[in-house]
Amino acid sequence: MNDRPVEFPRAMASLLAQEDVELDIVVVGNGCTPEHVPEGVRAISLPENVGIPEGRNVGANAVKGDYLFFFDNDAHLPEPHALRTLVDALAADPGLAYVQPRIADPDTGTTLRRWVPRLRAGDPTRPGTVTVMAEGVVMVRRTAYDNAGGWPGHFFLFHEGVDLAWRLWNQGYTGRYMPDVVVHHPATDPARHATFHRLNARNRVWLARRNLPIALVPLNLSAWLLLNLWRLRGMPALRASLAGFVEGLRGGHGTRSRMSWHTVARLARAGRPPIL
């Protein structure tokens with residue numbers, strides 16, 4: 001959106017410096033014409049801001065390759081073999097749909113808990129199978145992504161990574177967290193977005209209604225609502241969250257693609273049943 005004149009050129013430079021991979025790169029301008037685009041990199045200009053997940057869909061549809069790397073434009077790759085390492089992991093295991101590197105703040109080295117795609121996030125350096133993803137920096141197998149239908153574009157922002165991960169698992173795939181591969185990203189607060197609390201709540205309802213067996217929807221939403229009420233501080237945030245929750249219940253979640261009970265069991269065995 002041309003609001004990161006320092007971070008975006010750094011992100012592009014680190015991407016173009018990757019070794020032992022063939023890259024087809026596209027930059028999506030979400031409601032703008034992208035600036036500072038390096039030579040040899042294609043750009044797409046969208047007339048309006050369609051949201052982050054739909055912007056990713058547009059970019060994915062415009063590139064070729066066996067693997068898709070989604071890359072926030074305020075992140076950067078500190079070493080030149082990061083993508084090759086992720087590709088090798090996917091190439092070695094045909095049952096693997098996506099690989100998630102460890103995201104760390106470039107100044108402090110801190111990995112936020114929300115960047116670690118599992119419930120027990122106390123040790124961000126522990127690798128393993130994961131059932132969700134931090135969608136801003138992730139590599140996905142192209143065929144699995146296409147079969148899953150891509151990102152839920154109408155979410156606009158928040159929870160789209162869980163939605164895609166669940167649908168990939170429902171195809172029989174798994175995901176892997178690879179903390180030895182580090183990507184730098186500033187430790188920003190998602191609540192900086194004025195719509196955070198509303199969209200966070202609305203999309204959580206949409207996530208459950210789109211993907212879960214009917215019997216699990218109230219369990220999932222009750223658990224999330226109770227946890228959120230315990231965490232939230234301040235009436236404005238609470239009112240916005242409740243408004244978003246009600247908005248989600250009213251509809252708009254899109255086409256249901258209910259996961260099987262076999263997938264529910266697989267997710268539970270992997271450490272995160274889809275009610276948490």
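Guide: Contact here means heavy atoms within 4.5 Å. With that in hand, we can read this predicted model together.

Visitor: Happy to start there. Which residues does Ala-148 touch, leaving aside those up to four places away in sequence?

Guide: Ala-148 touches Leu-164, Arg-167, Leu-168 and Gln-171. Ala-148 itself is found in helix 4.

Visitor: Is Ala-148 buried or exposed?

Guide: The cut-off for buried is under 20% relative accessible area. Ala-148 is therefore buried, as its relative accessible area is 12%.

Visitor: How should I read a salt bridge inside a helix?

Guide: Start with the general idea: an α-helix has 3.6 residues a turn, so residues three or four places apart point the same way. Now the case in helix 4: Asp-146 forms a salt bridge with Arg-142, and their closest N and O atoms are 3.2 Å apart. Because these two residues are 4 apart in helix 4 (residues 142-148), about one helical turn separates them.

Visitor: Which of the classes, buried, partly exposed or exposed, fits each partner?

Guide: Asp-146 counts as partly exposed, at 43% relative accessibility, whereas Arg-142 counts as buried, at 14%.

Visitor: You listed Arg-167 as a contact of Ala-148. Which residue does Arg-167 meet in a salt bridge?

Guide: The partner is Asp-163, with an N to O distance of 2.5 Å. Both residues lie in helix 5, 4 residues apart, which is about one turn of the helix. Asp-163 is buried at 0% relative accessibility, and Arg-167 is buried too, at 8%. Besides this pair, Arg-56, Asp-72 and Glu-160 are joined into one network by salt bridges that share partners.

Visitor: How many salt bridges does the structure hold?

Guide: There are 11. One joins the side chains of Asp-93 and Arg-176, at 3.2 Å from N to O. This pair links distant parts of the chain, 83 residues apart: Asp-93 is in the loop between helix 3 (82-92) and strand 4 (96-104), and Arg-176 is in strand 7 (residues 174-184). Asp-93 counts as partly exposed at 25% relative accessibility, and Arg-176 counts as partly exposed at 29%.

Visitor: Let's turn to a whole helix. How does the span of helix 7 match what is expected?

Guide: The idea is to set the end-to-end distance against a rise of 1.5 Å a residue. Helix 7 has 15 residues and reaches 21 Å from its first C-alpha to its last, close to the 21 Å expected.

Visitor: Which residues of helix 7 are buried?

Guide: They are Val-217, Asn-220, Leu-221, Trp-224 and Asn-228. These buried residues cover an arc of only 90° around the axis, so they sit on the same side of helix 7. Their cover includes helix 5 (160-170), helix 6 (196-211) and helix 8 (235-250).

Visitor: What does the face turned away from the buried side of helix 7 carry?

Guide: That face carries the exposed residues Leu-226 and Trp-230. Leu-226 lies in helix 7 (residues 217-231) and counts as exposed because its relative accessibility is 61%.

Visitor: Which residues join Leu-226 in a nonpolar surface patch?

Guide: Leu-229 and Leu-242 do, and the patch made by the three is about 280 Å².

Visitor: How far apart are Leu-229 and Ala-148, where we began?

Guide: They are 81 residues apart in sequence and, from C-alpha to C-alpha, 32 Å apart in space.

Note on methods
Residues are numbered from 1 along each chain as its sequence is written. This is a predicted model: local features need pLDDT of at least 70, side-chain atom pairs count only at pLDDT 80 or more; totals for chains, interfaces and linings use all residues. Side-chain values use heavy atoms; hydrogens and water are left out. Patches are made of residues with over 30% relative accessible area and no salt bridge: like charges are joined within 9 Å, nonpolar side chains (Val, Leu, Ile, Met, Phe, Trp, Tyr) within 5 Å. Accessible areas come from the Shrake-Rupley method with a 1.4 Å probe; for residues, only the protein chains shown count as cover. A salt bridge is a side-chain nitrogen of Lys or Arg within 4 Å of a carboxyl oxygen of Asp or Glu. Buried means under 20% relative accessible area, exposed over 50%, partly exposed in between (1.4 Å probe, protein chains only). The expected span of a helix is 1.5 Å times one less than its number of residues. The arc is that of the directions from the helix axis to the C-beta atoms.
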